[in-house]
Amino acid sequence: MTNQYQTAQLRELDALHHLHPFTTHSSLRASGARVIVRGEGPYIWDSEGQRILDGMAGLWTCDVGYGRKELAQAAYDQMVELPFYNTFFKTTHPPVIALSRKLAELAPDTLNQVFYGSSGSESNDTAIRLIRHYWMLKGEPKRRIIISRKNAYHGSTIAAGSMGGMAHVHKHSYPVYEGFRHIIDPYWYGESEEGESPEAFGLRAARALEEEILAVGPENVAAFAGEPVQGAGGVKIPPTSYWPEVQRIVDKYGILLLADEVITGFGRLGTWFASQYYGIRPNLITFAKAATSGYIPLSGIIVDDDIAGALMAHDDDFHHGYTFSGHPVACAVALKNIEIMEQERLVPRVKEFTGPALAKVLAKFKDHPLVGEVRSVGLLGAIELVADKATRRRFADPGRVGLICRDHFFREGFIMRAVFDTMVTSPPLIWTQAQFDEAEQVIGRTLDLTLNDVAGELAA
Ligand SMILES: Cc1ncc(COP(=O)(O)O)c(C=O)c1O
């Protein structure tokens, strides 16, 4: 499927019959979608034969790279053995048991029980219901409010979208569900006051949680939810003062801590979960994406012994579950994916090599005239594009320059995502020095091409 005629036909059929996620449909229709046909290792190919280095691991997902035959074999073997069975009616199966055991081993100490779904949104919906159910079981039914952050992304279902803090997501389901509050996100570059150090800002952002708890009444608060590093919001890396202060506050008021590790889980920061990287003690961790490196959908929520204990101590049903909770093929693929990560030491390698290599590449561009800040942690990185480096002034019409830059990246054979005018990257864990060198070249070319397009808008 690589010749021009077929590409045109595929695009036309796509435009006629396929509604894409998070898309301005009019402009997609005008430009046509890029058809991706194949992947191998760190590269994908489009239908016109262009090879593209995937700096987003699919969508923060394909961490062991494309084309892994071992994963296909694990799926095949499980499909032949037992392609599907539910886990509803006092039934279980070996892959879900083995995966749950493995996740309990990898997760922080007290998190030992796993509930499954097929998407990050589902796992966060599960978290919301489970948190509120937990407080009912504990005899504190008034505790229903979940505090989250502005610009958080927890998914697109109505509940997870309400817990998330993105105004453009809320717009579609207005009014958003009640029972969610959103405080400032720990985004030093965008939110700090003049002269405020990252550490001072981190404390201020964390203390917004305490202020919100007191404003709504501690007796009404069920949980605080946060991505250890905000991903879709623009790879916002919290200052080191942030998470310890949040932990102090949730401990003080006895509320639950939900770490949404849909992006950060499975090694992205060089630990299996980012909660371990930041030394926080969540009561619940949601995961998805890289659990299977995206070869098949699987998500879940790992809960601590206290929450699991509350469920066990009551005869009530928890009326919640998905047909595909603990799907045997997805569990078998996840197990093999984790085995590959362990065999190839992909997680410690983030600390030893890939994380520092990404930081080094990004640092090369901090003095570029378009760049306000570069930042990274583990294998998550961002480049802020600004009209005025000195004052951090943004371009008019937020997102316009980010899209110009993203399109240049695509044409140059590299994928970085634009979050408004912040370019973000989350490479797969398998990159070698060759891919970091290639990324450095292509980022340099692309920033210059973008600069060329918007030079007239830059501060003198
Ligand atoms: C932190 C976080 N939580 C939840 C989700 C939702 O996951 P899904 O798209 O699988 O529903 C995402 C998706 O990007 C995410 O980044």
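Helices here are DSSP runs of H or I with at least four residues, strands are runs of E with at least two, and both are numbered from the N terminus. The model in these views is predicted.

**View A. Histidine 133 in helix H6.**
Histidine 133 belongs to helix H6, a segment that spans residues 120-137. The relative accessible area of histidine 133 is 15%, so the residue is buried, the cut-off being under 20%. Isoleucine 255 is 122 residues away from histidine 133 in sequence, and the C-alpha atoms of the two are 14 Å apart in space.

**View B. The shell of residues around the ligand.**
Ser119, Gly120, Ser121 and Asn124 are among the residues that surround the ligand. The shell also includes Tyr153, His154 and Gly155, together with Glu227, Asp260, Val262, Ile263 and Lys289. By class, three of the shell residues are nonpolar, six are polar and three are charged. Helix H6 makes the largest contribution to this shell, with three residues.

**View C. Polar atoms next to the ligand, from glycine 120, tyrosine 153 and lysine 289.**
A polar backbone atom of glycine 120 lies 2.8 Å from an oxygen atom of the ligand. The backbone of tyrosine 153 places a polar atom 3.3 Å from a nitrogen atom of the ligand. From lysine 289, a polar side-chain atom is 3.1 Å from an oxygen atom of the ligand. On its own the ligand has 390 Å² of accessible area, and the protein covers 84% of this.

**View D. The second largest pocket and its lining.**
The second largest pocket holds about 990 Å³ of space. Its lining consists of 30 residues, and those nearest the centre are Thr87, Val114, Phe115, Phe318 and His320. Helix H5 (94-106), strand S4 (111-117), helix H6 (120-137) and helix H13 (305-312) each contribute at least two lining residues. Of the elements, S4 gives the most to this lining, with four residues. The lining comprises 14 nonpolar, twelve polar and four charged residues.

**View E. The largest cavity, between residues that include Leu358 and Ile443.**
The structure has one cavity of 30 Å³ or more. The largest cavity contains about 40 Å³ of space. Its lining is made up of Leu358, Val361, Leu362, Phe414, Met416, Thr425, Trp431, Ala439 and Ile443. Eight of these residues are nonpolar and one is polar, with no charged residue in the lining. Helix H15 (346-363) and helix H17 (433-454) each provide at least two of the lining residues, and H15 has the largest share, three residues.

**View F. Serine 192 in the loop between helix H9 and helix H10.**
Serine 192 sits in the loop that joins H9 (188-191) to H10 (198-216). With a relative accessible area of 16%, serine 192 is buried. A polar atom of the serine 192 side chain lies 2.7 Å from the backbone oxygen of tryptophan 188. The same side chain of serine 192 forms a polar contact of 3.4 Å with the side chain of arginine 392.

**View G. Alanine 159 in helix H7.**
Helix H7 covers residues 158-163 and includes alanine 159. Alanine 159 has a relative accessible area of 14% and is therefore buried. Aspartate 125 is 34 residues from alanine 159 in sequence, with 6.0 Å between their C-alpha atoms.

**View H. Positive phi at tryptophan 60 and at valine 235.**
Tryptophan 60 has a phi near 60°, a positive value in a residue other than glycine. Tryptophan 60 is part of helix H3 (residues 57-61) and counts as buried, at 2% relative accessibility. Valine 235, also not a glycine, has a positive phi of about 45°. Valine 235 lies in the loop between strand S7 (221-226) and helix H11 (242-253). At 0% relative accessibility, valine 235 counts as buried.

Definitions and conventions
Residues numbered from 1 in each chain as written. Predicted model: local features only at pLDDT ≥ 70, side-chain atom pairs only at ≥ 80, totals over all residues. Heavy atoms only, no water. 1 Å grid on protein atoms, 1.4 Å probe; cavity = no way out; pocket = protein on both sides within 12 Å on 5 of 7 lines; lining within 4 Å. Points joined across faces, edges and corners; volume = space filled by probe spheres on them. Nonpolar A, V, L, I, M, F, W, Y, C, P; charged D, E, K, R; others polar. Near = heavy atom within 4 Å. Polar contact = N/O pair within 3.5 Å; in protein donor to acceptor, adjacent residues only side chain to side chain. Areas by Shrake-Rupley, 256 points an atom, 1.4 Å probe, with all protein chains shown as cover. Buried < 20%, exposed > 50% of the residue type's maximum accessible area, 1.4 Å probe, protein only.
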